[in-house]
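Notebook open, going through the charged pairs and a few other spots. My notes follow the order in which I looked things up.

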Amino acid sequence: MNRIKELRKKADISIDQLSLELKEKGINISASAISKYEREQRKPKIETWQKLADFFGVSVPYLQGIDNEPSSGYSKEYIYKCLSDAYKENWKDPTGQIMGGGFENIVDAYLKQAKIKKPSKIDEEFLKDHFNFIFDNPNIERLLTTKDRYSDNDIKLLLGYAIFLNFTSMKQVIDNYNNN
């Protein structure tokens with residue numbers, strides 16, 4: 001049995017309030033659908049499970065009732081926060097293998113090769129809009145369901161590799177890096 005109703009009641013919100021709060025975050029799930037999910041008359045798509053899990057701050061397996069550990073796995077929100085923090089602090093890759101180790105270099109090179117105009121301030125919303133491909137990387141995808149605990153530095157290193165491996169051509173990467 002899933003834990004949607006349990007977590008909603010723990011948050012002390014009605015089904016209508018949950019639907020409204022989700023809508024305010026750009027997630028369109030009707031109160032009727034939530035009610036059916038809670039009664040297990042309808043199963044959410046995996047994307048919906050993830051959005052609900054992120055909202056409640058738990059893993060998808062916990063929300064689905066598969067896992068008894070609410071903190072197993074990292075939410076997408078937490079991973080985006082690590083991505084944002086890495087960029088803001090220009091986190092350095094301790095291995096020194098990814099573009100000289102500077103996270104800002106990785107992000108800037110990706111934006112350039114993807115022909116995405118870099119705004120004056122890169123914030124978490126910009127990263128969510130343009131770096132959602134990171135969840136296609138098996139290492140980042142695994143973070144969503146793992147029971148293992150990683151340091152933020154480990155997560156930032158995985159994020160750096162996920163971005164780096166998304167370049168269309170290593171030549172573009174090297175050219176961009178050499179021109180900076």
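Started with the salt bridge between glutamate 38 and arginine 8, whose closest N and O atoms are 2.5 Å apart. This pair ties together distant parts of the chain: glutamate 38 belongs to helix 3 and arginine 8 to helix 1 (residues 4-10), 30 residues apart. I checked how covered the partners are. Glutamate 38 has a relative accessibility of 7%, so I put it down as buried. Arginine 8 also comes out at 7% and counts as buried. Note to self: this is a predicted model, and I read these distances as computed from it.

How many salt bridges are there by this rule? I get seven.

Next I went to glutamate 77, which meets lysine 128 in a salt bridge at 2.8 Å, N to O. Here too the pair links distant parts of the chain, with glutamate 77 in helix 6 (residues 76-88) and lysine 128 in helix 8 (residues 124-130), 51 residues apart. Buried or exposed for lysine 128? I noted it as buried, since its relative accessible area is 19% and the cut-off for buried is under 20%. Glutamate 77 is partly exposed at 34%.

Stayed in helix 6 for the salt bridge of aspartate 85 with lysine 81, where the closest N and O atoms are 2.7 Å apart. Because these two sit four residues apart in helix 6, about one helical turn separates them. That fits the usual geometry: an α-helix has 3.6 residues a turn, so residues three or four places apart point the same way. Both ends are partly exposed, aspartate 85 with a relative accessible area of 21% and lysine 81 with 39%. I also wrote down a network: Glu77, Glu125 and Lys128 are joined by salt bridges that share partners.

Then I turned to charges without such partners. Lys36, Arg39, Arg42 and Lys45 make up a positive surface patch. I looked closer at lysine 45, which lies in the loop between helix 3 (31-38) and helix 4 (46-56). Its relative accessible area is 62%, so I list lysine 45 as exposed.

Last stop, helix 7 (residues 103-113). Why do I call it largely enclosed by the rest of the structure? Because eight of its 11 residues are buried. I listed them as Phe103, Ile106, Val107, Asp108, Ala109, Tyr110, Leu111 and Gln113. After helix 7 comes lysine 115, and I marked its phi as positive, near 60°.

Key
Residues numbered from 1 in each chain as written. Predicted model: local features only at pLDDT ≥ 70, side-chain atom pairs only at ≥ 80, totals over all residues. Heavy atoms only, no water. Patch = residues over 30% accessible without salt bridge, like charges linked within 9 Å, V, L, I, M, F, W, Y side chains within 5 Å. Areas by Shrake-Rupley, 256 points an atom, 1.4 Å probe, with all protein chains shown as cover. Salt bridge = Lys/Arg side-chain N within 4 Å of Asp/Glu carboxyl O. Lys, Arg positive; Asp, Glu negative; His and termini not counted. Charge placed at Lys NZ, Arg CZ, Asp CG, Glu CD. Buried < 20%, exposed > 50% of the residue type's maximum accessible area, 1.4 Å probe, protein only.
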